[in-house]
Amino acid sequence: MGQSDVVEYVNINDQPSSPRVYGTRKVSILPLIFLILYEVSGGPFGVEDSVKAAGPLLALLGFLVSPIIWSVPEALITAEMGTMFPENGGYVVWVSSALGPYWGFQQGWMKWLSGVIDNALYPVLFLDYLKSGIFSLLPFVVMGLVSLPKLEPSRWLVVNLGEVDWNLYLNTLFWNLNYWDSISTLAGEVDNPKKTLPKALFNALILVIFGYFFPLLVGTGAIPLDRDLWTDGYFSDIAKVLGGVWLRWWIQGAAAMSNMGMFVAEMSSDSFQLLGMAERGMLPEVFAKRSRYGTPLIGIIFSASGVVLLSWLSFQDIVAAENFLYCFGMIMEFIAFIWLRIQYPAASCPYKIPTGTVGAIIMCIPPTILICVVLALSTLKVAALSIGAVVIGLVMQPCLKYAEKKRLMKFSTSAELPDLHGPEQESVDSLPE
C-alpha cells in the first residue's frame, strides 16, 4: 500500500464535479433523492414481516430506532466518503484507498453479489402484490385518512417478547434500512456531488423513515391483529378492508411502480459499480464499455443474468443471504472510513461529519453491533452459502491478476481518474476546504 490514499478531485477554486464528464446529462438533486429512495426503500412494501415476527409495538419502534442506529451513520459516512471520492465504483474506491486493491476487489465482489441477490427480491415482491389487481399511484396518505375512524391506539402497544422471531425481525429491519452507500457507485454521474450528495441523502432519509412508519401505524392501528397474515403483500389486503377494492388496486399499482423503480435503481448501482471497478483496472476492460446513452452495457447484462439465476429463491431466503454478504461489506467500509480518519485527521473534505476521530469510531459501534447480531442469527444454510461466496471472491482476484499478467484478458486503468497512491502531503493539502 502506498504512503497516501487520499486523492485530489477538485481544486479549491474550481466548480466541483465528478472526475469524468460524458455527453450524457448529469444527475441533479431531485432525481438523486428519488434514486436514493428507491435504492433504500421504494415504500413500505416488504416491511410487513416485521409485524409477523414481533408484533406492532416492536415493529413501530424498530422503524423509529433502527434508522438512528443504522441508517443515519451509513448515510453520513456515504456523504463524507462519496464526496471525497466522487467517482463510479464508490465504496470499492474507499476500501482500495484505505486497505489496498485486493480488499477493494473483495468489497466490490461482496457488495455486487449482495446487490444482485437483493435485486432478485423485486420480481418476487412484485408478484406477491400483483396477485389480483393492476395500476395506480401512491395511496398511503389516502389510506391513512380513510383509516381515521377505525384507529385504536391500544393496538400499537401489543407485544409478546416470548413469541418474537428475532431472526426474521432483524433481517426485515436490516434489509429495509440498508443500501444507503449504493448511491456512491454512481457518484461519477452526479452533478456537483460535493453539495448535491449530502443534501440528497438527508432528504431521502426523511422520506424513507416516514414511508415506513406511517403505513405501519395505519395498518396496525386500524385492523385487528393477526400476525400470521402480516407478510409481503398484506398492505393490499388492509387497503381493501379500509377503503374497498379501488384502494386495493391502488396499493397494488403502487407496489408495481415501486418494485420496478427499486429494480432499476439497484441495477444502475450494480452495473455502475462494475464499470467503476473496470476503470480502476480491477475488472477486464470490457466492463467499462458504455452504450451510446452512457450506460454500462456489459455491467447491466452481467447483473441481470445474476438476478435471473437467483430469482427462484424465496423472499425470506433472499433477504437473509443478501444481508449476510452486505454485513461483510459494511464492516470493511467502517474500517476504511476509520482508517482514513486516523491517517488523515486534518484532511479537508467537501463534506465532513462534524466529529473527530474518536467520535467517528463511536458512531460506528452501534451499527457494528447490529451487524454482529444479524450474522449470529443467520441460519447455517445461509451462512454456509454466503461464506462460500466470500471464498470465491478471495480466489477470484488472484486469478484475474494472473489472467492480466498472461494477457488472457485486457485490463486498463483510466488515465482521467486520480492516482489513489499519490504523494501524501500534496494530496492532503490539495483537498478543497
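The following exchange examines how several descriptions of this predicted model are justified.

User: Why is helix α4 described as roughly antiparallel to helix α5?

Analyst: Helix α4 (residues 91-99) and helix α5 (residues 101-119) pack at an angle of about 155°, their axes being 7 Å apart. Angles over 145 degrees count as roughly antiparallel, and therefore α4 is roughly antiparallel to α5. As for handedness, the crossing of α4 past α5 is right-handed.

User: What makes α4 largely enclosed by the rest of the structure?

Analyst: A residue is buried when its relative accessible area is under 20%. Eight of the nine residues of α4 are buried, so the helix is largely enclosed. The buried residues are Y91, V92, V93, W94, V95, S96, S97 and A98. Just after α4, G100 adopts a positive phi of about 105°.

User: Which residues other than glycine have a positive phi, among them one near 75° and one near 60°?

Analyst: Y179 has a phi near 75°, and R407 has a phi near 60°. Y179 is placed in the loop between α8 and α9 (193-222). R407 is placed in the loop between α15 (380-405) and α16 (424-430).

User: How do you know whether Y179 is buried or exposed, and R407 likewise?

Analyst: The cut-offs are under 20% for buried and over 50% for exposed. Y179 has a relative accessibility of 2%, and therefore counts as buried. R407 has a relative accessibility of 76%, and therefore counts as exposed.

User: Why is the contact between R280 and E87 called a salt bridge?

Analyst: The rule asks for a side-chain nitrogen of Lys or Arg within 4 Å of a carboxyl oxygen of Asp or Glu. In the pair R280 and E87, the closest N and O atoms are 2.7 Å apart, and the criterion is met. R280 lies in the loop between α11 (245-279) and α12 (297-310), and E87 in the loop between α3 (56-84) and α4, so the pair ties together parts that are 193 residues apart in sequence.

User: Are the partners R280 and E87 buried or exposed, and how do you know?

Analyst: R280 has 14% relative accessibility and E87 has 1%. The limit for buried is under 20%, and therefore R280 counts as buried, as does E87.

User: What makes E152 and R155 a salt bridge, and how is each partner classed?

Analyst: Their N to O distance is 3.3 Å, which satisfies the requirement of within 4 Å. R155, at 16% relative accessibility, counts as buried because the limit is under 20%. E152, at 39%, falls between 20% and 50% and therefore counts as partly exposed.

User: How do you know that E404 and K401 form a salt bridge, and where do they lie?

Analyst: The N to O distance of 3.5 Å meets the limit of within 4 Å. Both residues lie in helix α15, three residues apart, about one turn of the helix. E404 has a relative accessible area of 30% and K401 has 41%. Because partly exposed covers the range between 20% and 50%, the term applies to E404 and to K401.

User: How many salt bridges does the rule give, and which residues are linked in a network?

Analyst: The count comes to 10 salt bridges. K111, D181 and E333 are linked in a network of salt bridges.

User: What makes W166 eligible for the nonpolar surface patch?

Analyst: Membership requires over 30% relative accessible area and no salt bridge. W166, in helix α8 (residues 166-177), has 39% and is partly exposed; its area therefore passes the 30% cut-off. The patch covers about 940 Å² and is made by V159, L161, W166, I342, V358, I361, I362, I365, I369, V373 and L377. Helix α14 (residues 357-376) gives the most to the patch, with six residues.

User: Why is I331 called partly exposed, and which residue is 40 residues from I331 along the chain?

Analyst: I331, in helix α13 (residues 315-343), has a relative accessible area of 28%. That value lies between 20% and 50%, and therefore I331 is partly exposed. The residue 40 positions away along the chain is I371, and the C-alpha atoms of I331 and I371 are separated by 8.1 Å.

Note on methods:
Residues numbered from 1 in each chain as written. Predicted model: local features only at pLDDT ≥ 70, side-chain atom pairs only at ≥ 80, totals over all residues. Heavy atoms only, no water. Patch = residues over 30% accessible without salt bridge, like charges linked within 9 Å, V, L, I, M, F, W, Y side chains within 5 Å. Areas by Shrake-Rupley, 256 points an atom, 1.4 Å probe, with all protein chains shown as cover. Helix = DSSP H or I, 4+ residues; strand = E, 2+ residues; numbered from the N terminus. Buried < 20%, exposed > 50% of the residue type's maximum accessible area, 1.4 Å probe, protein only. Axes fitted to C-alpha atoms, helices over the stretch in contact; angles between N-to-C directions. Parallel < 35°, antiparallel > 145°, perpendicular 65-115°, else oblique. Left-handed = near helix turned anticlockwise from the far one by under 90°.
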